[in-house]
Amino acid sequence: MKEITEQTGTGKQRGKLLFFVGGMLVFDIIFLAIAAWRYELWWSELGAAAGMFLLLGGIFVYRLSDVIPKKFFWLLGLHFYELLIVMVSYPAEGLMRPVLSVPILIGCLAGSEAGVVGLIFYSVVSALICADPAEVILLYLAAGLLGICVFSGKKGVKGYLAGAVSFFVGYVVINLVISYYAYAQLQTVDLLYSAIGGALQLLPVICCLPFLMEGGIRMPGTVSLSTAVAAEFPAMAEFSEREPIFYKHSRLVARLSSQAAAGIGADTLLAEAGGLYHEIGKGMGEDDVQESLGICKKYRIPASVQDIIKEHNPDRKTPSSKEAAIVMISDTIVTMMEQNRKKNLNEDMEGMIARAFKKREDSGAFLLSGLTQQDITALSDFYNRILGRG
């Protein structure tokens with residue numbers, strides 16, 4: 001099978017990547033030009049800044065290319081937002097310049113590895129343009145890493161608040177430790193600046209994160225995933241009454257998808273919701289996908305589930321997440337089982353599962369999903385273990 005990392009194989013995907021890289025370069029060039037004009041950088045300083053900026057920016061973009069298929073507009077906007085923060089807050093004390101907000105958001109949006117790369121990148125940008133002292137850079141790196149760790153993967157409001165408190169306290173404590181180490185003394189102003197700086201770093205995360213982490217924290221105006229998958233939820237109750245046979249099919253797809261997701265560390269609740277809603281509009285019109293999306297909008301189902309609805313059929317759109325790929329393969333296998341039962345065929349389960357995986361792999365359905373070869377092997381083993389009859 002082709003390497004999963006070949007995510008820019010289609011012309012459309014290459015176009016998105018080029019647009020993203022071009023957009024970042026435009027923002028970066030404008031940022032450097034304004035910085036040189038406003039802060040009177042010498043050409044030697046500007047050249048060094050540009051070299052480091054573009055080198056680290058290139059590494060940053062390369063790492064983020066893994067998640068571009070789904071989130072690159074968000075990431076481009078966050079990049080512009082962070083450059084704006086660095087520019088506007090130039091005169092502020094280093095520890096009160098909120099350069100950590102975007103790396104933390106990237107850590108939650110695109111994965112902790114991308115967040116750490118973003119943290120290093122933006123810390124160096126601040127050091128080059130704003131001439132931050134070494135202790136402030138250490139504060140950025142230590143507190144930023146803590147922020148990425150405590151926020152990434154938080155589920156529910158309690159976890160979100162615990163992450164916020166942990167980051168705020170961590171920022172204050174880390175700054176006091178570094179200040180004492182650097183100057184061998186602590187003053188009241190150190191605690192005050194730490195508290196103000198921690199609040200400024202945290203404020204953009206508090207405001208933006210709920211909109212980005214709809215799988216764990218409910219977005220304004222949408223229902224939670226745990227509510228959406230409940231049998232008594234109105235959309236599910238209507239589905240079971242309108243299409244009882246296909247409702248049973250969707251329940252099986254959801255159960256398999258949730259268990260399969262657990263086996264490779266993917267989002268089990270999102271996979272379950274995707275399985276339940278993947279064709280909830282079945283029988284309501286000629287276009288099942290549009291009917292399903294209409295039901296989701298009516299009942300305020302999160303956008304992450306709607307993405308799976310659009311992507312569960314690789315003939316229409318290639319899955320761009322692990323959960324969408326899992327729902328796709330679960331649906332394929334369950335459909336094959338049902339067809340074999342109707343036609344009284346006696347195909348062995350292991351052969352059927354192998355055929356389902358080969359069919360999807362040959363069509364390139366896994367290429368944008370983020371699934372590794374190890375994940376695919378683990379999923380195949382799971383389906384054989386759960387469904388196999390020897």
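A crossing of two helices is right-handed if the near helix is turned clockwise from the far one by less than a right angle. Keep that in mind for the first stop. The model on your screen is predicted.

**Stop 1: two packed helices**

Select residues 244–264, which make up helix H11. Now add residues 322–342, helix H15. Two packed helices are described by the angle between their axes and the distance between the axes. Here the angle is about 135°, and the axes are 9 Å apart. Angles from 65 to 115 degrees count as roughly perpendicular, and those over 145 as roughly antiparallel. The angle of H11 and H15 falls in neither range, so the two helices are oblique to each other. Which hand does the crossing of H11 and H15 have? The crossing is right-handed.

Next, show the side chains where the helices meet. On H11, pick His249, Leu252, Val253, Leu256, Ser257, Ala260, Ala261 and Ile264. On H15, pick Lys322, Ile326, Val327, Ser330, Asp331, Val334, Thr335 and Glu338. Colour these contact residues by type. You should get nine nonpolar, four polar and three charged.

**Stop 2: a group of rings**

Move on to the aromatic residues. The model has eight aromatic pairs. Select Phe357 and Phe366, which form one of them. Their ring centres are 6.2 Å apart, and the planes make an angle of 45°. That pair is tilted.

Are these two rings buried or exposed? Buried means under 20% relative accessible area. Phe357 has 4% relative accessibility, so it counts as buried. Phe366 has 3%, so it counts as buried too.

Add Phe382 and Tyr383 to the selection. Together with Phe357 and Phe366 they form one aromatic cluster.

Stay with Phe366 for a moment. Phe366 lies in the loop between helix H16 (349–362) and helix H17 (373–387). Now select Thr318 as well. Phe366 and Thr318 are 48 residues apart in sequence. In space, their C-alpha atoms are 7.6 Å apart.

**Stop 3: a buried asparagine**

Finish at helix H7, residues 156–183. Select Asn175, which is found in this helix. Asn175 has 5% relative accessibility, so it counts as buried. What does Asn175 touch, not counting residues up to four places away in sequence? Show Leu95, Leu139, Asp190 and Ser194: these are its contacts.

Technical notes:
Residues numbered from 1 in each chain as written. Predicted model: local features only at pLDDT ≥ 70, side-chain atom pairs only at ≥ 80, totals over all residues. Heavy atoms only, no water. Axes fitted to C-alpha atoms, helices over the stretch in contact; angles between N-to-C directions. Helix = DSSP H or I, 4+ residues; strand = E, 2+ residues; numbered from the N terminus. Parallel < 35°, antiparallel > 145°, perpendicular 65-115°, else oblique. Contact = heavy atoms within 4.5 Å. Nonpolar A, V, L, I, M, F, W, Y, C, P; charged D, E, K, R; others polar. Phe/Tyr/Trp six-rings, centres within 6.5 Å; stacked < 30°, edge-to-face > 60°. Buried < 20%, exposed > 50% of the residue type's maximum accessible area, 1.4 Å probe, protein only.
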